[in-house]
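Here's a quick briefing to read with the model open beside you. Have a look at the chains first, then work down the bullets.

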Amino acid sequence: MSNKKTLFEPIIHNNPVTIQVLGICSALAVTTQLKPSLVMGIAVTVIITMSNLIVSLIRSFIPKKIRIIVEMTIIATMVILVDQILRAYLFDVSKQLSVFVGLIITNCIVLGRLEGFALINKPLPSILDGFGNGIGYSLILVAVGAGREILGAGTLMGYSVIPQSLYNAGYENNGLMVLAPGAFILLGLIVWFQRAVTGHYEEE
Amino acid sequence: MLEMISLGIKSVFVENILLAYFLGMCSFLAVSKKVTTAIGLGFAVVFVMAITTPVNWLVHEYLLKAGALSWLGPQFSEVDLSYLNFIAFIAVIAAMVQIAEMVIEKISMKLYTALGIFLPLITVNCAILGVALFMIERKYTLGQSTVFGISSGIGWMLAIIAMAAIREKLKYSNVPKPLRGLGITMLLTGMIAMAFMTFSGINI
């Protein structure tokens, strides 16, 4: 596979969230607003790229039997790094993300890419693959986050975007969007739209 | 006692780990196609949660949190290892899952063949790590953590069995092609989550 394809395929056509069905947990939990979604997307992109690189560099030294533990340790180390950085520089967002930064460890995207790609590929394609998947994941996060914030609170990044005249005309914020069911339904609709466009169908 | 029951009911219904916090979505989506397998995985999760949550609590309380090492001597009372939480918890979970697998194999072959294939999967189930992280964030006692762990597991089991039952029926309906699989499952989960929201007034 060419490097370009490795980088761009996971963004739309093989998106980790909507096509590979990985990493849904965090995609839903942090997306009540755009800002935490953005930070989460960047955090995951960094972690996935770095761990892909490290695993790819040491791939021929990892004994096959204990590879999962080795991979988990690498991911956990990266997550600790990112968590400490967030706490130091973006404390309020870090508080908002609460346990979900830690939960990147069990985010199946990261382990999935390590197992499926970094273990059998050279470092450069592994970086591209990690970065592409991170961006694909972030895109979905940002879409869900923006949708939930606009529909649920009428704001975007904290600024109100719905004109007052609309409220005067009887428009109401949809409080359900801020709650859990809103996230499920919005992501379901995004998946529907995305698959209708790309033509990826799943047989039950 | 009453407080424990209240916490248990709260974590099974009101703050269901899957439907309100989105934890454990990956295996929820992947293994909810048949009721029998859903029940097997559900029991495995309850079992592992019941063991790992108290063990993680002990590890945090006596090894990792700020000042936890003071039992070794006064010179250790300043040590704060809580940044190692993530890596320690995931190691405990992986080890516990492994031990549980061996013990079950020795004690009951029948249970082992029923749970066997699901046990390794549970290591990367974010619900398990999520419960450990929530219990630290909410500063639960050992008793509360155990109740919280078990009841979260039961809540997760309830959700996955409900989903599997719906998906078994869904096979006979004509779902639009791009919506099949992930899309329709997300929309249905949203509706189950909405139904569970009606529990939110319950107080004991």
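What follows goes through the interface, the cores, the salt bridges and a few local spots.

This is a predicted model. Chain A and chain B bury about 3600 Å² between them, and the largest nonpolar core runs to 108 residues. Salt bridges come to four over all chains, with zero found across the interface of chain A and chain B.

**The interface**

- On the chain A side 43 residues take part in the contact, and chain B puts in 38 residues.
- Of the area buried between chain A and chain B, 82% is on carbon and sulfur atoms.
- The salt-bridge rule comes up with zero hits across this interface.

**The nonpolar cores**

- In the 108-residue core, the residues with the most contacts inside it come from both chains: Ile24(A), Leu28(A) and Ile104(A), along with Met25(B), Phe28(B), Trp156(B) and Met186(B).
- Helix α7 of chain B (residues 126–137) supplies the largest share of this core, at ten residues.
- Apart from that core there is another one, of five residues, and Val59(B), Ala88(B), Val92(B) and Met96(B) are among them.
- Leu28(A) is worth clicking on: leaving out residues up to four places away in sequence, Leu28(A) touches Arg148(A), Ala183(A), Phe184(A) and Leu187(A) in chain A, plus Phe22(B), Met25(B) and Met186(B) in chain B.

**Helix α6 of chain A**

- Helix α6 of chain A covers residues 108–116, and its buried residues are Cys108(A), Ile109(A), Val110(A), Leu111(A), Arg113(A) and Leu114(A).
- These buried residues pack against α3 (34–57), α4 (67–89) and α7 (123–153) of chain A, and also against α2 of chain B.

**Salt bridges in chain A**

- Glu115(A) and Arg67(A) pair up through their side chains, at 2.8 Å from N to O. Since Glu115(A) sits in helix α6 and Arg67(A) in helix α4 of chain A, the pair ties together parts that are 48 residues apart in sequence.
- Both partners in that bridge are partly exposed: Glu115(A) has a relative accessible area of 26%, and Arg67(A) has 22%.
- Arg113(A) and Asp129(A) form another bridge, at 3.0 Å from N to O. Here the pair ties together parts 16 residues apart in sequence, because Arg113(A) belongs to helix α6 and Asp129(A) to helix α7 of chain A.
- Arg113(A) counts as buried at 14% relative accessibility, and Asp129(A) is buried too, at 3%.
- Asp83(A) bridges to Arg87(A), with the closest N and O atoms 3.2 Å apart. Both lie in helix α4 of chain A, four residues apart, or about one turn of the helix.
- The ends of this bridge differ in cover: Asp83(A) is buried at 5% relative accessibility, whereas Arg87(A) is partly exposed at 44%.

**A nonpolar surface patch on chain B**

- Which residues form a nonpolar patch on the surface? They are Leu58(B), Tyr62(B), Leu63(B), Trp71(B), Leu72(B), Phe76(B) and Leu142(B), with about 660 Å² of accessible area together.
- The largest share of the patch, three residues, comes from α3(B).
- Leu58(B) is in helix α3 of chain B, residues 35–64, and is partly exposed at 38% relative accessibility.
- Setting aside neighbours within four places in sequence, Leu58(B) is in contact with Leu63(B) and Leu142(B).
- Leu72(B) sits in the loop between α3 and α4 (85–107) of chain B and counts as partly exposed at 45%.

**Positive phi in chain B**

- Phe22(B) isn't a glycine, yet has a positive phi of about 60 degrees. Phe22(B) is in the loop between α1 (2–14) and α2 (25–30) of chain B.
- Buried or exposed, which is Phe22(B)? Phe22(B) is buried, because its relative accessible area is 4% and the cut-off for buried is under 20%.
- Lys139(B), also not a glycine, has a positive phi of about 55 degrees. Lys139(B) lies in the loop between α7 and α8 (142–170) of chain B and counts as exposed at 71% relative accessibility.

**One more spot on helix α3 of chain B**

- Phe43(B) is in helix α3 of chain B and is partly exposed at 48% relative accessibility.
- Phe43(B) and Lys106(B) are 63 residues apart in sequence, and their C-alpha atoms are 18 Å apart in space.

Technical notes: Residues are numbered from 1 along each chain as its sequence is written. Chains are lettered from A and ligands numbered from 1 in the order in which they are written. This is a predicted model: local features need pLDDT of at least 70, side-chain atom pairs count only at pLDDT 80 or more; totals for chains, interfaces and linings use all residues. Side-chain values use heavy atoms; hydrogens and water are left out. A nonpolar core is a set of buried Ala, Val, Leu, Ile, Met, Phe, Trp, Tyr and Cys residues joined through side-chain atoms within 4.5 Å. Buried means under 20% relative accessible area, exposed over 50%, partly exposed in between (1.4 Å probe, protein chains only). Helices (H or I, at least four residues) and strands (E, at least two) are DSSP runs, numbered from the N terminus. Contact means heavy atoms within 4.5 Å. Patches are made of residues with over 30% relative accessible area and no salt bridge: like charges are joined within 9 Å, nonpolar side chains (Val, Leu, Ile, Met, Phe, Trp, Tyr) within 5 Å. Accessible areas come from the Shrake-Rupley method with a 1.4 Å probe; for residues, only the protein chains shown count as cover. Buried area is the accessible area (1.4 Å probe) that two parts lose on being put together, summed over both.
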